[in-house]
Amino acid sequence: MHMHDFKTSALSLIGSVSLIAASQAATPPNVIIVLADDQGYGDVGFHGFDDIRTPNIDKLAKGGTSFAQGYVTASVCGPSRCGIMSGMHQQRLGYYGNGPLSVIPHSQQNFAEMMKELGYHTGMIGKWHLGETEDQLPWNRGFDFYYGSPTGSHDYFKSSANADETRKAIFPVYRNGKIDTPIQERGDYLTEVYGDEAADFINENKDRPFFLYVAHNAVHFPWQVHDKYLERLKDLPVHHEERRFFAGMVLALDDSVGAILDAVEKNGLSENTLIFYLSDNGTPRGQGFKQPKQKERGTTTMSSPGDFNGFKGDTYEGGLRVPLVAYWPGTIPAGQVYPHPVVSFDMAPTAVARSGMTKPSKGLPFDGVDLLPYITGEKPANERPHQNMFWRRDNDYAIRQGDWKLCWNSRSDQTIELYNLAEDPGERVDLVNKYPERAQQMQDAFDAWDSQLAENVTGKVPANRNVKYAEGKRTNVSQFNTQAAERKNRPQPKKRKGK
Ligand SMILES: [Ca+2]
């Protein structure tokens with residue numbers, strides 16, 4: 001080897017070693033994901049809201065990095081969880097909506113299966129919602145330990161004693177594949193049980209690397225909470241008593257985050273544990289004791305989307321932008337608010353990258369990226385993890401390029417809309433007529449992405465998918481909007497009698 005070559009390789013070696021030191025600790029950390037259900041952007045204290053109380057979640061934000069623009073991949077439960085557990089746009093796997101057919105196929109290695117392959121002891125507590133057939137349940141999809149109800153929403157005070165006996169939102173709670181003691185027989189509240197089980201898992205596995213996924217039912221319907229939480233919120237300044245009740249459910253959720261933090265700290269694991277906290281989608285429309293109630297922006301009485309437009313189910317910010325925090329003392333900067341958009345599907349790539357893994361061992365590659373170099377400042381501050389972002393659920397869709405967002409929502413005038421999120425994060429001023437060329441270019445970019453996605457496993461095809469994009473067909477935005485406006489203004493035909 002020539003001297004010059006030696007020097008060059010020695011230098012590059014030093015360079016890569018220091019890079020590893022900054023973003024890849026010698027021992028890969030434990031990883032904990034805490035997922036809330038239906039908690040809106042306005043439902044955490046650290047976003048600046050004083051009509052909610054979340055001291056433990058705020059502690060994560062204060063001691064870690066919170067994301068001003070933290071997005072989920074879908075605005076409803078199932079597909080959002082699929083994005084988290086696969087590290088990719090769930091539509092690539094044919095997963096578009098809630099439903100029993102929608103699962104992560106076994107041909108795709110999921111987050112837990114990756115962590116298990118990397119030598120982690122894997123545990124899950126709570127709501128699975130990624131398939132209910134035996135082969136798709138958590139204990140057959142990469143988790144060494146499971147406690148919880150694999151179904152969707154669940155009663156907080158009662159669970160069922162056998163699998164055939166299921167009433168509305170009352171299902172069995174399982175422990176490692178076997179039905180566990182019903183929670184009412186233990187006099188328990190589901191949110192507290194999940195927090196206690198999570199703390200137990202951490203205590204029991206403190207001496208080996210672990211991956212823990214805690215998916216709460218809180219703060220999804222049904223509206224149930226112990227009075228003791230409401231007692232603690234007597235002085236909370238709320239505009240409506242339903243908000244106080246909701247805040248009680250959030251406080252129980254926050255206590256369970258406290259139980260997890262305590263267990264991590266007591267076992268001396270703080271500096272070797274990466275914790276993500278997030279919600280699976282934004283505020284549901286029309287929550288209240290009497291369901292359903294239609295409410296508009298600014299008039300929500302329970303969960304709150306803050307200043308954002310839209311709700312759960314929409315591709316507006318209110319459906320997609322959620323509380324998101326990454327916490328890892330000593331490695332992730334404390335008290336930082338990361339400004340650029342990130343997505344829930346970035347968590348899996350970030351976690352496995354700590355062990356040097358860059359893609360699943362089986363199946364499609366990630367759409368998400370390793371966030372650590374971005375949030376630790378290794379990458380230039382102006383470099384975004386994602387320049388282009390896409391969403392599709394039924395007929396609702398959106399594309400974001402930089403700060404521009406083009407979207408179509410069924411709950412709107414049903415025209416294609418364009419917003420500049422840097423100037424107008426609340427999506428109040430539609431700029432589609434002002435910037436027709438930009439709108440058209442973004443629609444084309446969306447169609448290019450959308451038209452190559454896998455078919456929905458349910459067989460449902462979005463009515464507005466441009467399936468002939470590759471053959472040169474273009475969706476003409478201004479023409480589409482003119483026709484939509486004409487449809488809206490056309491007098492409604494009178495209903496014929498006798499039918
Ligand atoms: Ca949800």
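In this predicted model, Y147 has R175 of β6 as its bridge partner. That link is part of a short antiparallel pairing, in which strand β5 (residues 145-148) and strand β6 (residues 174-175) are joined over two bridges. Between β5 and β6 runs a loop, and A169 is found there. A169 is not a glycine, yet its phi is positive, at about 60°. With 19 other C-beta atoms within 10 Å, A169 counts as partly exposed, because a residue needs 20 or more to be called buried.

Zooming out, β5 and β6 belong to an open sheet of ten strands, ordered β7-β6-β5-β4-β8-β1-β9-β10-β2-β11, with mixed pairing. At the edges stand β7 (178-179) and β11 (336-338); each has a single partner strand, so one side of each has no neighbour in the sheet. Helices pack on this sheet too. Helix α2 (residues 55-63) touches β2 (65-67), β9 (273-279) and β10 (324-327), and its direction makes about 60° with that of β10. Helix α5 (residues 190-204), for its part, lies across β4, β5 and β8 and runs at about 170° to β4.

Strand β8 is worth a closer look. In the sheet order, β8 sits between β4 and β1, and its pairing with each of them is parallel. Strand β4 (residues 121-126) is joined to β8 over six bridges, while strand β1 (residues 30-36) is joined to β8 by five. F211 takes part on both sides: this β8 residue is the bridge partner of T122 and also of V31. As a rule, side chains in a regular strand alternate between the two faces of the sheet. In β8, F210, L212 and V214 lie on one side and F211, Y213 and A215 on the other, and all of these are buried, so both faces are covered. Since six of the six residues in β8 (residues 210-215) are buried, the strand is largely enclosed by the rest of the structure.

The loops that follow these central strands hold some unusual backbone geometry. For context, most residues other than glycine have a negative phi, and most peptide bonds are trans. The loop between β8 and α6 (227-231) contains V219 as well as P222. The peptide bond from A218 to V219 is cis, with omega near 10°, and another cis bond joins F221 and P222, where omega is about 5°. H129, in the loop between β4 and β5, has a positive phi near 65° despite not being a glycine. H129 is buried, having 24 other C-beta atoms within 10 Å.

Further along the chain comes helix α7 (residues 241-266), a run of 26 residues. At 1.5 Å a residue, α7 should span 38 Å, and its end C-alpha atoms are 37 Å apart, so the two values agree. Just after α7, G268 takes a positive phi of about 70°.

How is the chain divided into domains? The assignment gives domain 1 (28-375) and domain 2 (395-489). Their contact takes 18 residues from domain 1 and 17 residues from domain 2, and the C-alpha centres of the two domains lie 30 Å apart. E417 offers a view into the second part of the chain: its place is in strand β16 (residues 417-420). E417 has 23 C-beta neighbours inside 10 Å and therefore counts as buried. Setting aside its neighbours within four places in sequence, E417 is in contact with C407, S412, D430 and V432. N433 is 16 residues from E417 in sequence, and their C-alpha atoms are 8.9 Å apart.

As for the overall picture, the chain has twelve helices and 16 strands. Its radius of gyration is 23 Å, close to the 23 Å that the globule rule gives for 499 residues, so the chain is as compact as a globular protein of that length. The C-alpha atoms fill a box of roughly 75 × 75 × 45 Å along the principal axes. Buried residues account for 47% of the 499 residues. Among contacts between residues at least 6 apart in sequence, 67% join residues at least 24 apart.

Notes:
Residues are numbered from 1 along each chain as its sequence is written. This is a predicted model: local features need pLDDT of at least 70, side-chain atom pairs count only at pLDDT 80 or more; totals for chains, interfaces and linings use all residues. A residue is buried if 20 or more other C-beta atoms lie within 10 Å of its own, exposed if 12 or fewer, and partly exposed in between; C-beta atoms are placed from the backbone. Helices (H or I, at least four residues) and strands (E, at least two) are DSSP runs, numbered from the N terminus. Two strands pair if DSSP finds at least two bridges between them. Two residues are in contact if their C-beta atoms, placed from the backbone, lie within 7 Å. The expected span of a helix is 1.5 Å times one less than its number of residues. Axes are lines fitted to C-alpha atoms, for helices over the stretch in contact, and angles run from 0 to 180 degrees between N-to-C directions. The radius of gyration is taken over C-alpha atoms; the globule rule is 2.2 Å times the number of residues to the power 0.38. Domain bounds come from an automatic or database domain assignment.
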